[in-house]
Amino acid sequence: MRINRRKPAAGIAAAATVALLAACSSGGSGGDEGSPEEIDLSGQMVGAMEDYDVGTTFKATEPLELGLMYRDHPNYPLKDDWSIFQELEKNQNVTFDVQSVPLSDWQQKRSLLISSGDAADLIPSTYVADVESLTSGGALLPVSDYLEYLPHFADKIEKWGLQEDLDRARQADGKFYVLPGLLETPKPSYSVAIRADLWEEQGLEDPKTWDEFAEQLAIIDEAYPELDYAYSDRWSINGPMEATLQAAAGNFGTEAGWGYGDGVQWNGSEYEYTGASDGYRQLVEYFHGLVADGLLDPESITQDDDPAKAKFTTGKVAAMGSNDQEMVLYRTGLEESGVKGAKVRQIVVPAGPAGNVMDATTGGRFESGIAISAKAAERDDFVALLQFVDWLYFSDEGNEFSKWGVEGETYEVDGDGTRVLADDVDWSGFNPDGTKQLNTDFGYYNGVFNLAHGTTKELLDSMVRPEVVEFREQMNTKEVAEQGPGIAMDELQREEASLLQTNLQDTVMTATAQFLKGDRSLDEWDAYVAELEGVGMEQYVQIVNEAAGVGGS
């Protein structure tokens, strides 16, 4: 297979114009609002299939070379001879001109390439929020104008009831510019891992509430004095305990950690500033209490991941933040450290003062998606490009291919129809005897080609351990926090809000770490809220509510 690699160009390309685009309304709450008039692409059908529809396997009628901005991950660096490239050329008649960007530079370089007009045709591994500030310059395709050419995407949006979620992605012009990865059901993965052997020795069942978790930590702490702490946490590089705070936040009626997002939360009638809310205070008070009682390692607030993991895998702590993939590493580490009889289980996130609730981010059904350069609309094979994107990223067949690979090469199918990895192929310990990796050696199970790692519930569950399926099913019995309407800022609003939010979030994260660790008394909460007001909190919330069309003046 020929893969043309090119380094990102430094020059500024001429602005591309999308021909025959009609004006659309600025609404965004209903399925018909923001819909464009019909766009005539009859002159851009080179390589396209005349009868392409839901259930059709895409194959270009003429060779189709597409520019691909590739997020080059160090865990599975790009290889020209990957099976996925060979199979797409053989079966779909598609090759790529790859614009490779290292993962370490991905966020910044992607923005620069889009802004300059030098981005490749296809820009995967991209969330809606990643490019919100880049849509007004005309460099990105308003993909909402072309849904009639994306039948698999449109079918899943309708079948899975995702129209309201999609409308929240609309910009002030009524259009959206990213095709998000779609999930039939949420796939929560973060919680807390516990030493199940210690819990069982004390006759403890998994905690149903966060208060019960605190009580159990106290029992473990007293029963095993050899522990440094009952509980330590991780993922604190950009903010304190980002994974666990996000996982817990919905149960306290707020958003936090990785889910802090734009810093506002919906209260049923308007947006309020998250970091000043009662729910956020309750969340901070709870975890501060664990630190104050000597149950939570205070280093959790700032520690790096490797020393954090070492505390758990050497038996120095009995609980730690986790996800389904980390569980495998924890078990391996405990075994290698010689911790006898150690068993590890990931608990379902406990309920809290606000109930048994997942935050909107965890319970959402959109994943990292794909944007398309506006200049792609000038191609005479533009329709074929759209059809390929639709097939690979949103059809069941394309999703299965980009995740599992090729039957007989990377996987087999049992007599009962169950897929199993080939004897020599592994992914994340799913087949530990395998000597080759599905992503590293073949290019499959790669977020560049497989946006949501499954889309359908069946495919999501097809390459995970039974305990992960059970965890997801129990998590998905939770209520999902209401998201509120879309926040469609115009360019001026976004510029003003961005400056305010940067200062606000810095203030929140600094204070959160101080409160959690006890370096700042929670008696100073009102003073902290006054600090937020001093850096523009009320002004920011007003901009947000105006953009969402709610609240006061």
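This report describes a helix pair, a strand with two partners and a helix with its covering strands in a predicted model.

**Helices H8 and H15**

Helix H8 (residues 278-292) packs against helix H15 (residues 491-517) with the axes 7 Å apart and at an angle of about 40 degrees. Because angles from 65 to 115 degrees count as roughly perpendicular and those under 35 degrees as roughly parallel, this angle makes H8 oblique to H15. On the H8 side, the contact is formed by Tyr280, Val284, Phe287, His288 and Val291, which meet Val508, Thr512, Phe515, Leu516 and Lys517 in H15. By character, the residues of this contact comprise seven nonpolar, two polar and one charged. An α-helix has 3.6 residues a turn, so residues three or four places apart point the same way.

**Strand S13 and its partners**

Six of the seven residues of strand S13 (residues 366-372) are buried, and the strand is thus described as mostly covered. Its pairings with S4 and S5 are set out below.

| Partner of S13 | Sense | Bridges | Residues standing opposite |
|---|---|---|---|
| S4 (residues 122-126) | antiparallel | three bridges | Thr126 and Gly369 |
| S5 (residues 179-182) | antiparallel | three bridges | Gly181 and Glu367 |

**Helix H2**

Strand S4 also takes part in covering helix H2: the cover over the buried residues of H2 includes S4, strand S2 (64-72) and strand S3 (94-102). Within H2 (residues 106-116), the buried residues include Trp106, Arg110, Leu113, Ile114 and Ser116. Gly117 follows H2 and has a positive phi, near 85 degrees.

Note on methods
Residues numbered from 1 in each chain as written. Predicted model: local features only at pLDDT ≥ 70, side-chain atom pairs only at ≥ 80, totals over all residues. Heavy atoms only, no water. Axes fitted to C-alpha atoms, helices over the stretch in contact; angles between N-to-C directions. Helix = DSSP H or I, 4+ residues; strand = E, 2+ residues; numbered from the N terminus. Parallel < 35°, antiparallel > 145°, perpendicular 65-115°, else oblique. Contact = heavy atoms within 4.5 Å. Nonpolar A, V, L, I, M, F, W, Y, C, P; charged D, E, K, R; others polar. Buried < 20%, exposed > 50% of the residue type's maximum accessible area, 1.4 Å probe, protein only. Pairing = 2+ DSSP bridges.
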